[in-house]
Amino acid sequence: MSTVDLTPALTSPRALAATRERISLVTEAARRAGSYLAGAAHRPVAPGPDAVAALDVFRRPLQDGRIDAREVLAELDAFGSPATVAQAQGRFFGFVNGGVDNAAAAAAVLAGQWDQNPSLPVGSPVASVLDEVAAGWVVDLLGLPHDATATFTPGATLANLTGILVARDALLARAGWDVHERGLFGAPPIRVVTGEEAHVSILKALRLAGLGVGRVETVPTDARGAVRVEAFPDDTDALTLVILQAGNVNTGASDDFAGIIPRVHDAGGWVHVDGAFGLWAAASPALREQVAGVELADSWGTDAHKQLNVPYDSGVAIVRERADLERATAMQAAYVASGDARPLMQLGLQMSQRARGIETWAMLAANGRDGVAELIDRTCAHARRFAERLEAAGAEILAPVALNQVLVAFGDAATTDAVIDAVQRDGTMWAGASTWKGRRAMRISVSDQATTRDDVDVSAAAIVACWAAVRD
Ligand SMILES: Cc1ncc(COP(=O)(O)O)c(C=O)c1O
C-alpha cells in the first residue's frame with residue numbers, strides 16, 4: 001500500500017466525477033453494442049447507399065470547442081452502426097475476414113478498459129503473462145516445434161514481414177554479413193523463391209525487407225494452386241529464402257511441405273510459411289494431413305483474426321530459433337531494464353503495442369483444443385455444403401474445396417460478375433470476386449464462427465435466385 005494518505009486524491013470531486021463519467025459511458029457503449037448485435041442479423045449484410053451517404057456527417061472541419069463524450073458516442077452509433085458491414089452475423093463471406101468468438105469479444109471489452117502496453121512485463125504483468133501463455137498455446141495447437149517463439153503482430157502481413165526480416169538477417173549472418181551494422185548495401189544477394197500463387201502481402205513484405213519483387217523466382221503451381229514439387233528448383237543454396245503457403249487465398253490448398261522443405265534445408269536455405277488462415281488446419285485432427293510437414297519450416301506467419309475468430313487486429317509470427325528473432329528485432333534503450341524473460345519490444349516489430357495476446361488467450365481458454373478443431377472443421381464443412389448446393393444448381397466449382405474457400409463461376413466472366421453484383425445488392429449474404437487461372441469467380445470464404453447451416457442454405461438460395469434473375 002501507499003506510504004502516503006491517498007484520501008485527497010481519491011475523494012476529490014473531480015476524480016470522483018471523472019470515474020463516474022467513465023463508468024457511465026462505458027456502460028452506455030456496452031448497451032449500444034448490445035442493440036447493434038441484436039439488430040445485425042436483421043439488416044442487409046452490406047450497408048445500403050443511404051447509410052453510406054449519411055457518413056458525410058463525419059466529414060466536417062474539426063471544431064474548436066469540446067463536445068460531450070456522450071453526444072459523440074450517440075453520433076457514432078447513429079451514423080456509424082448502420083454503415084458497418086454486418087459482420088456480427090453469419091452471412092458475410094468476403095475476403096477471409098473471420099468473425100468474433102464470444103470469449104474473445106468479451107475479453108476485448110475488459111482489456112480495452114485495462115489499456116495495457118505489454119511491450120515490457122513491467123508495463124503490464126497480466127498482459128505479459130497472457131501473451132506468453134497464448135503464444136505458447138498457438139505454437140502447441142499448430143503442432144510447431146515446442147521451443148519455437150511466437151509473437152503477436154497486427155496481422156499476417158506483418159507476421160510474414162517479421163519472418164522474412166528474420167530469415168534475411170539469419171541467412172546473411174551465416175554468410176558472415178551483419179545487417180545490423182552494415183545494412184544491405186553490398187550484402188551477398190539473397191535468392192528468393194516463392195510459388196506463383198504467393199499472396200500479394202508476401203510481395204509487399206519482400207519489398208519492405210529490401211529484397212525486391214522483380215527478382216523473386218516463382219515456381220509454377222498445380223490446378224489447386226499448390227507449388228509443383230517437380231518444378232521446384234534443385235539448385236537452391238545457403239542464401240536462398242523459400243516462401244511456401246498453407247492455404248491458398250483462392251482455393252485453400254497448401255504446398256507440399258514435406259516434399260520441399262528438406263530439400264531446401266539440405267542446401268542450407270530458409271523456409272518461411274505464409275499460413276494466414278490455412279495453418280489452422282494443423283489444429284484439426286481431421287484436416288492436419290493437408291499441412292503435413294509444415295512444422296519443418298524455420299518461420300511461420302498466421303492470423304488470429306481469421307479462422308481463430310479473434311477480433312481485429314491480430315496476427316502471429318513464429319520463429320523456430322528465438323535468437324534469430326532477436327537478431328532481427330531487438331533494440332536497446334537506457335530506460336529499458338534487461339533481464340526480462342519475454343520483453344515483447346525485443347521480439348517483434350513494435351515497441352508500444354496493443355495487448356493482443358489477451359483476446360487469443362480468452363478464445364483458446366474458452367474453446368480448448370476440441371473447440372478450436374470443431375470451429376475449423378465446421379467452417380470447412382460449411383464451405384463444402386456451399387459448393388454442393390451451388391453445383392447442384394448448375395454452377396461450376398473451379399477448384400476442389402480444400403478448406404474454407406469456395407470458387408464458383410456462373411458461366412462466362414460477365415455473367416459471374418453480374419451475379420456477384422446482384423448478390424451484393426440483394427443483402428442476404430456478401431461474397432467478393434476473384435480471378436482463378438483466367439476464370440472470373442465468386443469467392444466464398446467461410447471463416448466466421450457465427451455461420452450456421454441455415455446461413456449457408458439461405459445464402460446459397462440467394463445466390464441461385466440472383467443468378468436466375470441475371471439470366472432472365
Ligand atoms: C494467404 C494470405 N496471406 C496473407 C494475408 C494477409 O493477412 P492480413 O490481412 O492479416 O495482413 C492474407 C489475407 O487474406 C492471406 O489470405
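**View 1. Strand 6 and strand 7 pair in the antiparallel sense in this predicted model.** The pairing between strand 6 and strand 7, the latter covering residues 315–319, extends over 5 bridges. Two of the facing residues can be picked out by eye: S299 has V319 of strand 7 as its bridge partner, and D303 stands opposite G315 in strand 7. Strands of a sheet pair through backbone hydrogen bonds, and they may do so in either a parallel or an antiparallel way.

**View 2. Strand 5 and strand 6 run parallel.** Strand 5, which is made of residues 270–274, is joined to strand 6 by 3 bridges. In this pairing, V273 is found opposite W300 of strand 6.

**View 3. Strand 6, residues 299–303, is mostly covered.** Of the 5 residues in strand 6, 5 are buried. S299, G301 and D303 point one way from the strand, whereas W300 and T302 point the other way, and all of them are buried.

**View 4. An open sheet is formed by 7 strands.** Followed across the sheet, the strands come in the order 1-7-6-5-4-2-3, and their pairing is mixed. Strand 1 (149–153) and strand 3 (217–219) stand at the edges and have a single partner strand each, so one side of each is left without a neighbour in the sheet. On average, neighbouring strands of this sheet are turned by 20° against each other, when direction is ignored.

**View 5. Helix 11 packs on the sheet.** This helix, formed by residues 322–329, touches strand 1, strand 5 and strand 7, and its direction makes about 40° with that of strand 1.

Technical notes:
Residues are numbered from 1 along each chain as its sequence is written. This is a predicted model: local features need pLDDT of at least 70, side-chain atom pairs count only at pLDDT 80 or more; totals for chains, interfaces and linings use all residues. Side-chain values use heavy atoms; hydrogens and water are left out. Buried means under 20% relative accessible area, exposed over 50%, partly exposed in between (1.4 Å probe, protein chains only). Helices (H or I, at least four residues) and strands (E, at least two) are DSSP runs, numbered from the N terminus. Two strands pair if DSSP finds at least two bridges between them. Axes are lines fitted to C-alpha atoms, for helices over the stretch in contact, and angles run from 0 to 180 degrees between N-to-C directions. Contact means heavy atoms within 4.5 Å.
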